[in-house]
Amino acid sequence: MVRRLQAQGLAHAGVVAAMLKVERHRFVDSALVSQAYEDTSLPIGLGQTISKPSVVARMAELLFEGRDGTQGRVLEVGTGCGYQAAVLSHLSREVYSMERLRGLHEKARENLRWFRLSNVHLLFGDGMQGFERGAPYAGIIAAAGGESLPQPWLDQLAMGGRLVAPARSANGQQHLVVVDRTPQGLVSRTLDVVNFVPLKSGTA
Ligand code: SAH
């Protein structure tokens with residue numbers, strides 16, 4: 001899977017190493033294990049999906065662009081099954097990963113137990129509020145897309161930090177958006193068309 005991603009352009013050595021370490025089949029139901037290394041999203045229950053590996057790679061590459069070493073604190077909104085949190089744990093000092101569905105929050109805890117990642121902190125709550133106690137973040141990454149970027153995410157981004165998230169653009173399509181906090185203010189770019197599950201408020 002990772003070799004295929006490299007053939008498609010994945011070049012960040014840290015992201016390659018992280019994705020080689022995290023076995024994706026440990027995050028899907030046994031009936032789907034044979035598809036775990038295909039470049040496709042798969043159901044993980046409660047109407048949610050594990051993200052496509054190429055999208056996890058792309059977002060991680062954007063988050064850690066131009067940075068080789070391990071970064072500081074990262075906030076992930078939308079833990080799902082915990083796959084991306086595991087990948088990020090090899091690239092960040094601390095990962096705070098928030099999920100609004102209790103069933104998936106617990107599933108991620110079970111899935112991640114096997115990996116013994118002491119720097120992943122799984123949080124149950126509405127990630128649209130960010131997680132003030134861990135702020136400011138060197139990186140914020142969202143695995144669910146809303147109409148616009150919630151203000152708390154921008155507020156909780158450290159100077160020099162970067163946010164990578166899907167959001168709806170003026171033409172109604174969902175795009176990856178990258179926002180950098182620079183000394184001159186927030187600088188944002190709109191990139192690839194993507195297809196993430198919806199960002200929802202509150203918990204369930
Ligand atoms: N990171 C996962 C992808 C999970 S899908 C992976 O590794 O594959 C996105 C997840 O975002 C879903 O589980 C959904 O419940 C969650 N989500 C949606 N809105 C949210 C919110 N406001 N706060 C936290 N999680 C949210």
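Reader: Is Glu99 buried or exposed?

Author: This structure is a predicted model. In it, Glu99 has a relative accessible area of 7%. The cut-off for a buried residue is under 20%. Because 7% falls under that cut-off, Glu99 counts as buried.

Reader: In which strand is the place of Glu99?

Author: The strand in question covers residues 92-99. Glu99 belongs to this run, and the strand is named S4.

Reader: Which residues is Glu99 in contact with, leaving aside its neighbours within four places in sequence?

Author: Once the neighbours within four places in sequence are set aside, several stretches of the chain meet Glu99. Phe64 is 35 residues from Glu99 along the chain, and their C-alpha atoms are separated by 22 Å. The residues in contact with Glu99 are Gly78, Thr79, Gly80, Leu104, His105, Leu123, Phe124 and Gly125.

Reader: Which residues come nearest to the ligand?

Author: There are 26 residues around the ligand. The buried residue Glu99 is one of those that come nearest. The full set of nearest residues is Ser51, Gln84, Glu99, Gly127 and Lys200.

Reader: How many Å separate a backbone N or O atom of Gln84 from an oxygen atom of the ligand?

Author: Backbone atoms of several residues approach the ligand. A backbone N or O atom of Thr79 lies 3.4 Å from a ligand nitrogen, and one of Gly127 lies 2.8 Å from a ligand nitrogen. For Gln84, the partner is an oxygen atom of the ligand, and the separation is 2.8 Å.

Reader: What volume does the largest pocket have?

Author: The largest pocket is lined by 35 residues. Among these, Thr49, Ala143, Ala144, Phe196 and Val197 lie nearest its centre. The volume of this pocket is about 590 Å³.

Reader: Which element gives the most to the lining of the largest pocket?

Author: Strands S2, S3, S4 and S11, together with helices H3 and H4, each supply at least two residues of the lining. The largest contribution is three residues, and the element that gives them is S2.

Reader: How many residues in the lining of the largest pocket are nonpolar?

Author: The lining residues can be sorted by class. Eleven of them are polar and six are charged. The number of nonpolar residues in the lining is 18.

Reader: Why is helix H3 described as largely enclosed by the rest of the structure?

Author: Helix H3 runs over residues 53-63. Its buried residues include Pro53, Val56, Met59 and Leu63. The helix is largely enclosed because, of its eleven residues, the number that are buried is nine.

Reader: Which residues does Leu191 touch, not counting residues up to four places away in sequence?

Author: Leu191 is found in strand S10, residues 185-193, and is partly exposed at 24% relative accessibility. Among its contacts is Leu62, one of the buried residues of H3. The residues touched by Leu191 are Arg58, Leu62, His175, Leu176 and Val178.

Reader: Which residue has the backbone oxygen that the side chain of Asn111 reaches?

Author: Asn111 is found in helix H5 and is buried, with a relative accessible area of 14%. Leaving aside neighbours within four places in sequence, Asn111 is in contact with Arg26, Phe27 and Cys81. At 3.1 Å, the side chain of Asn111 reaches the backbone oxygen of Cys81.

Reader: How many Å apart in space are Gln71 and Ser92, C-alpha to C-alpha?

Author: Gln71 has its place in strand S3 and is buried, with a relative accessible area of 17%. Gln71 touches Ser92, as well as Phe64, Leu91 and Arg93. Although Gln71 and Ser92 are 21 residues apart in sequence, their C-alpha atoms are separated by 4.5 Å.

Reader: What positive phi does Arg116 have?

Author: Most residues other than glycine have a negative phi. Leu46, in the loop between S1 and S2, departs from this with a positive phi of about 55°. Arg116 lies in the loop between H5 and S5 and is exposed at 75% relative accessibility. The phi of Arg116 is also positive, at about 50°.

Reader: Is the peptide bond from Ala135 to Pro136 cis or trans?

Author: Most peptide bonds are trans. Pro136 is found in the loop between strands S5 and S6. The bond from Ala135 to Pro136 has an omega near 0°, and its form is cis.

Conventions. Residues are numbered from 1 along each chain as its sequence is written. This is a predicted model: local features need pLDDT of at least 70, side-chain atom pairs count only at pLDDT 80 or more; totals for chains, interfaces and linings use all residues. Side-chain values use heavy atoms; hydrogens and water are left out. Helices (H or I, at least four residues) and strands (E, at least two) are DSSP runs, numbered from the N terminus. Buried means under 20% relative accessible area, exposed over 50%, partly exposed in between (1.4 Å probe, protein chains only). Contact means heavy atoms within 4.5 Å. On a 1 Å grid over the protein atoms alone, a cavity is a set of points where a 1.4 Å probe fits but cannot get out, and a pocket is an open set with protein on both sides within 12 Å along at least five of seven lines; lining residues have an atom within 4 Å of a point. Grid points are joined across faces, edges and corners, and a volume is the space filled by probe spheres set on the points. Ala, Val, Leu, Ile, Met, Phe, Trp, Tyr, Cys and Pro count as nonpolar, Asp, Glu, Lys and Arg as charged, and the others, Gly among them, as polar. A residue is near a molecule or strand if one of its heavy atoms lies within 4 Å of it. A polar contact is a pair of N or O atoms within 3.5 Å; within protein, one must be able to donate a hydrogen and the other to accept it, and residues adjacent in sequence count only if both atoms are side-chain atoms.
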